[in-house]
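Visitor: I'd like to walk through this one with you, starting with the empty space inside and then moving on to the ligand. Could you put it up?

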Amino acid sequence: MDLPIYFDYNASTPCFPEVVEAILPYFTSAFGNASSIHHPYGWLAEEAVETARERVATLIGAEASEIVFTSGATEAINLGIKGIAQMADSGKNHLITIATEHKAVLDTLEGLTDQGFELTCLPVNAEGEVSLDQLKSSFRENTLLVVAMLANNETGNLHPINAMAALAKNHGAIFLTDAVQAVGKIPVDVKELGVDLLALSGHKMYAPKGVGALYIRKGLPKIKLKAQITGGGQERGRRSGTLNVPGIVGLGEAAVRCLDDLQEEGQRLLNLRNQIEKALLQIKGSQLNGSSQRLPHVCNVSFNNISGKSLMIRVNKKIAISSGAACSSISDKPSHVLTAMGLDQATAMATLRVSLGRFTTAADIEFAIEYISGVVKDLRTLAS
Ligand SMILES: Cc1ncc(COP(=O)(O)O)c(C=O)c1O
């Protein structure tokens with residue numbers, strides 16, 4: 001099959017070839033169970049897991065003992081949120097989040113409202129920014145947890161996590177950040193951010209799908225996290241289940257590779273992103289969705305007065321791209337992120353989320369500019 005050029009790195013990334021190479025022995029010769037403590041098969045697997053744990057920790061400025069491996073970020077987020085909620089004192093039942101969070105966060109928090117928790121969902125402005133004053137005035141005596149993403153998966157917007165986490169700390173609340181789109185793309189340091197919990201995902205950073213991690217700050221005050229998957233007591237009782245050794249090895253290898261040239265790659269993608277963004281914004285009736293503080297490899301552009309469905313069908317003939325998160329593509333509904341930013345449904349649907357990555361070339365960008373401009377022009381001509 002002749003595949004289109006890939007412009008959807010926020011949905012998923014290919015594995016680094018070196019990641020695949022590093023993983024392979026853990027399917028064959030070194031296939032052991034990391035919990036088999038009596039023979040070398042187990043020791044090899046365990047050693048590989050612990051090396052990967054160090055590597056992932058280094059990428060985010062954490063200690064190895066603060067990393068719990070999971071099946072991905074959705075599980076890490078569930079573990080963080082529910083794990084805290086289920087251990088909280090009965091009076092502490094107020095949660096705060098932002099309207100533009102990923103569904104893994106929103107649905108998990110909303111689920112807790114059935115169990116007596118109260119949820120404050122902060123709005124955003126037209127640029128997708130949250131007000132720190134509004135966050136500050138949302139705290140209550142009983143606020144338990146604040147959840148906010150470091151980088152938005154649709155617009156690339158960066159939230160002021162450091163300031164938000166400091167506010168949470170001042171109000172005695174725990175802070176969880178969903179850093180899925182930021183880790184491996186921009187410098188992320190849990191100490192600088194001041195967060196208690198952080199979720200990350202393998203397949204967004206050139207490692208396989210089905211692996212992720214939750215950072216749990218050592219000495220997280222008062223509350224112990226309740227495990228959501230119980231059984232063999234792996235991950236020091238915080239996440240049972242035989243460890244996905246190949247996936248974990250891949251995550252560790254990807255962490256090393258991402259860290260290796262984080263700044264240079266970020267700058268390269270920023271230049272390419274700026275080029276395509278500028279060109280798309282020259283198309284009549286286009287608008288940028290997002291703030292000035294964004295990830296270097298993402299831009300989100302809407303086009304007025306064209307059919308979102310036709311835009312997607314036409315563009316995807318040659319360019320693999322989404323209008324928003326993969327989950328909103330499945331439901332065929334306008335993005336909750338863009339509607340929270342005030343876009344009407346039709347404009348939210350007629351949107352392209354351009355997300356670049358390691359294998360995006362200057363030639364890809366030039367082709368995409370020409371091609372997308374042509375498609376929008378055609379659709380406008382058809383509509384007139
Ligand atoms: C911001 C954000 N959070 C969470 C997730 C869920 O990650 P995973 O696919 O590892 O469960 C995603 C994936 O789309 C995401 O973009």
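Visitor: Which residues lie nearest the centre of the largest cavity?

Guide: Keep in mind that this is a predicted model. The lining of the largest cavity is made up of 13 residues. Nearest its centre you'll find Gly 184, Lys 185, Tyr 206, Glu 265 and Leu 269.

Visitor: How much space lies in the largest cavity?

Guide: Start with the count: there is 1 cavity of 30 Å³ or more. The space in the largest cavity comes to about 100 Å³.

Visitor: From which domains does the lining of the largest cavity draw at least three residues each?

Guide: By class, that lining has 6 nonpolar, 4 polar and 3 charged residues. As for where they sit, at least three come from each of domain 1 (5–13 + 262–383) and domain 2 (17–260).

Visitor: On to the ligand. Which helix gives the largest share of the shell around the ligand?

Guide: There are 13 residues around the ligand, and Thr 74, Asp 178, Gln 181, Ser 201 and Lys 204 come nearest. By class, the shell has 4 nonpolar, 7 polar and 2 charged residues. The largest share, 3 residues, comes from helix 3 (residues 73–85).

Visitor: Which residue has a polar side-chain atom 2.6 Å from a nitrogen atom of the ligand?

Guide: Let's go through the contacts by ligand atom. On the oxygen side, a backbone N or O atom of Ala 73 is 2.8 Å from a ligand oxygen, and a side-chain N or O atom of His 102 is 3.3 Å from a ligand oxygen. For the ligand nitrogen, the 2.6 Å partner is Asp 178.

Visitor: And how much of the ligand's accessible area does the protein cover?

Guide: On its own, the ligand has 390 Å² of accessible area. The share of that area covered by the protein is 85%.

Note on methods:
Residues numbered from 1 in each chain as written. Predicted model: local features only at pLDDT ≥ 70, side-chain atom pairs only at ≥ 80, totals over all residues. Heavy atoms only, no water. Near = heavy atom within 4 Å. Polar contact = N/O pair within 3.5 Å; in protein donor to acceptor, adjacent residues only side chain to side chain. Areas by Shrake-Rupley, 256 points an atom, 1.4 Å probe, with all protein chains shown as cover. Helix = DSSP H or I, 4+ residues; strand = E, 2+ residues; numbered from the N terminus. Nonpolar A, V, L, I, M, F, W, Y, C, P; charged D, E, K, R; others polar. 1 Å grid on protein atoms, 1.4 Å probe; cavity = no way out; pocket = protein on both sides within 12 Å on 5 of 7 lines; lining within 4 Å. Points joined across faces, edges and corners; volume = space filled by probe spheres on them. Domains from an automatic or database assignment.
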